[in-house]
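Student: Please pick one helix pair in this model and go through its packing closely. Then follow the two helices out to whatever else they take part in, and set other helix pairs beside them.

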Amino acid sequence: MSGVLVTGGAGFIGSHTCERLLSEGYGVTCLDNFDPFYDPSIKRKNLERSLAHRAFTLIEGDITDPGTIRSTFERGPFDVVIHLAAKAGVRPSIQFPLEYQRVNVLGTAQVFEACRTFGVKKVILASSSSVYGNNTKVPYAETDNVDRAISPYAATKKACEVLAYTYYHLCGIATFCLRFFTVYGPRQRPEMAIHSFSKHILRGQPIVLYGDGGSCRDYTYIGDTVDAVMAAVRNVSGYEIINVGRSETVSLVELVHLLEGIIGRESIIQWQPFQAGDVEMTYADIEKARSLIGYSPKTSLKEGLEIFVNWLRRTP
């Protein structure tokens, strides 16, 4: 049984990844500090299925703490590390840039240094579409220049990609950096647009839209995202940056109309000015993902939103 360490494994993407790994016969160790960015009880609920599995181990601790990292790696050996742990969110990173730097960059350095020390030679690193900033060339390709981050969060993700290359160059740690494009689905973080909009529309409460509603996103269903993570685990070699999206864009207003149709209720919209740090568009070129790891997203936005809304209706 191959051993896999998943940092941030109690979160949205992490908990789905842990379940998929367990279902495919991997032994899984999850390291998570249950950060109170949102209610930690949600993350504990995320892990209910995994905790019932005998091949699953939960370690509560912080990736920035050297003692925690060392003791976690001593629980190995691990064949691969899936590094998802990070301070999330563009807007709060503008308020707390030093905290994002500490957790995302220092924490990632701790993880790679432990990989070097304990001989782990394969890493899957969670990056973000936010690194593209307001790139005017679409769709975004991995070869595009990403030196103009417009939020501290995006800057930390670019820094982590560069750090990963350094450890690949010096230590031979093969790393695939996956640039996730707006992942949604059951267990999505409660402050993210699809979750927040759906909840408020269901309750007949106002939703807040920023700008003119014309900003566009490439929404990626969680099942497709985990497919990409698993393909990366099976194929990781060398150093690569890979977009993980659906390669379709939908405007904010179009998203709201889709949700209204699925929920069967019109929204009450409150308009606010465009927010600093938010990008105008995300749009993934996924040809590299198709050719390198066989990634092929299967779930349309409408299908994914229907699954999400049905999950939300059942969730207390």
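Tutor: Take α1 and α9, which are oblique to each other. The model is a predicted one. In general, two packed helices are described by the angle between their axes and the distance between the axes. For α1 and α9 the angle is about 60° and the axes are 10 Å apart. The label follows because an angle under 35 degrees would count as roughly parallel and one of 65 to 115 as roughly perpendicular. The handedness of the crossing of α1 and α9 is right-handed.

On the α1 side, the contact is made by Phe12, Ile13, His16, Thr17, Arg20 and Leu21. On the α9 side, Ile222, Gly223, Thr225, Val226, Asp227, Val229 and Met230 take part. Sorted by class, these residues comprise seven nonpolar, four polar and two charged.

Both helices also border an open space. α1 (12-23) and α9 (222-235) each give at least two residues to the lining of the second largest pocket, as do α2 (40-46), α3 (48-51), α8 (193-203) and α12 (301-314). This pocket holds about 780 Å³ of space. Its lining numbers 26 residues, and those nearest the centre are Lys45, Asn46, Arg187, Trp311 and Thr315. By number, Lys45 and Asn46 fall within α2, and Trp311 falls within α12. The class count for the lining is ten nonpolar, seven polar and nine charged.

One of the pocket-lining helices, α8, has a packing partner in α10 (residues 252-263), with the two axes coming within 10 Å and crossing at roughly 45°. That angle makes α8 oblique to α10. Their crossing is right-handed. From α8, the contact uses Ile194, Phe197, Ser198, Ile201 and Leu202. From α10, it uses Leu252, Leu255, Val256, Leu259 and Ile263. In this contact nine residues are nonpolar, one is polar and none is charged.

A pair with another kind of geometry is α6 (residues 97-118) with α7 (residues 152-171). Their axes cross at roughly 15° and come within 9 Å. The two helices are therefore roughly parallel to each other. α6 passes α7 in a right-handed crossing. Residues of α6 in this contact are Pro97, Tyr100, Gln101, Asn104, Val105, Thr108, Ala109, Phe112, Glu113 and Arg116. Those of α7 are Pro152, Tyr153, Thr156, Ala159, Cys160, Leu163, Ala164, Tyr167 and Cys171. Their classes are 13 nonpolar, four polar and two charged.

Now the enclosed spaces. Two cavities of 30 Å³ or more are present in the structure. The largest cavity has about 40 Å³ of space. Lining this cavity are His83, Ala85, Ala86, Asn104, Thr108, Leu125, Ala126, Lys157 and Cys160. Two or more of its lining residues come from each of α6, β5 (122-128) and α7. Asn104, Thr108 and Cys160 thus appear both in the α6–α7 contact and in the cavity lining. The lining consists of five nonpolar, three polar and one charged residues.

The second largest cavity has about 30 Å³ of space. Its lining is made up of Asp218, Tyr219, Arg246, Glu248, Val250 and Leu301. Of these, three are nonpolar, three are charged and no residue is polar. Leu301 carries the number at which α12 begins.

Some backbone details in the loops complete the picture. The bond between Gly76 and Pro77 is a cis peptide bond, with omega about 10°. Pro77 sits in the loop that runs between α4 (66-73) and β4 (80-83). A cis bond also leads from Val138 to Pro139, where omega is near -5°. Pro139 belongs to the loop between β5 and α7, and those two elements are among the contributors to the lining of the largest cavity. Phe34, a residue other than glycine, has a positive phi near 50°. Phe34 is found in the loop between β2 (27-32) and α2, and α2 is one of the helices that line the second largest pocket.

Definitions and conventions: Residues are numbered from 1 along each chain as its sequence is written. This is a predicted model: local features need pLDDT of at least 70, side-chain atom pairs count only at pLDDT 80 or more; totals for chains, interfaces and linings use all residues. Side-chain values use heavy atoms; hydrogens and water are left out. Axes are lines fitted to C-alpha atoms, for helices over the stretch in contact, and angles run from 0 to 180 degrees between N-to-C directions. Helices (H or I, at least four residues) and strands (E, at least two) are DSSP runs, numbered from the N terminus. Angles under 35 degrees count as roughly parallel, over 145 as roughly antiparallel, 65 to 115 as roughly perpendicular and the rest as oblique. A crossing is left-handed if the near helix is turned anticlockwise from the far one by less than a right angle, and right-handed if clockwise. Contact means heavy atoms within 4.5 Å. Ala, Val, Leu, Ile, Met, Phe, Trp, Tyr, Cys and Pro count as nonpolar, Asp, Glu, Lys and Arg as charged, and the others, Gly among them, as polar. On a 1 Å grid over the protein atoms alone, a cavity is a set of points where a 1.4 Å probe fits but cannot get out, and a pocket is an open set with protein on both sides within 12 Å along at least five of seven lines; lining residues have an atom within 4 Å of a point. Grid points are joined across faces, edges and corners, and a volume is the space filled by probe spheres set on the points.
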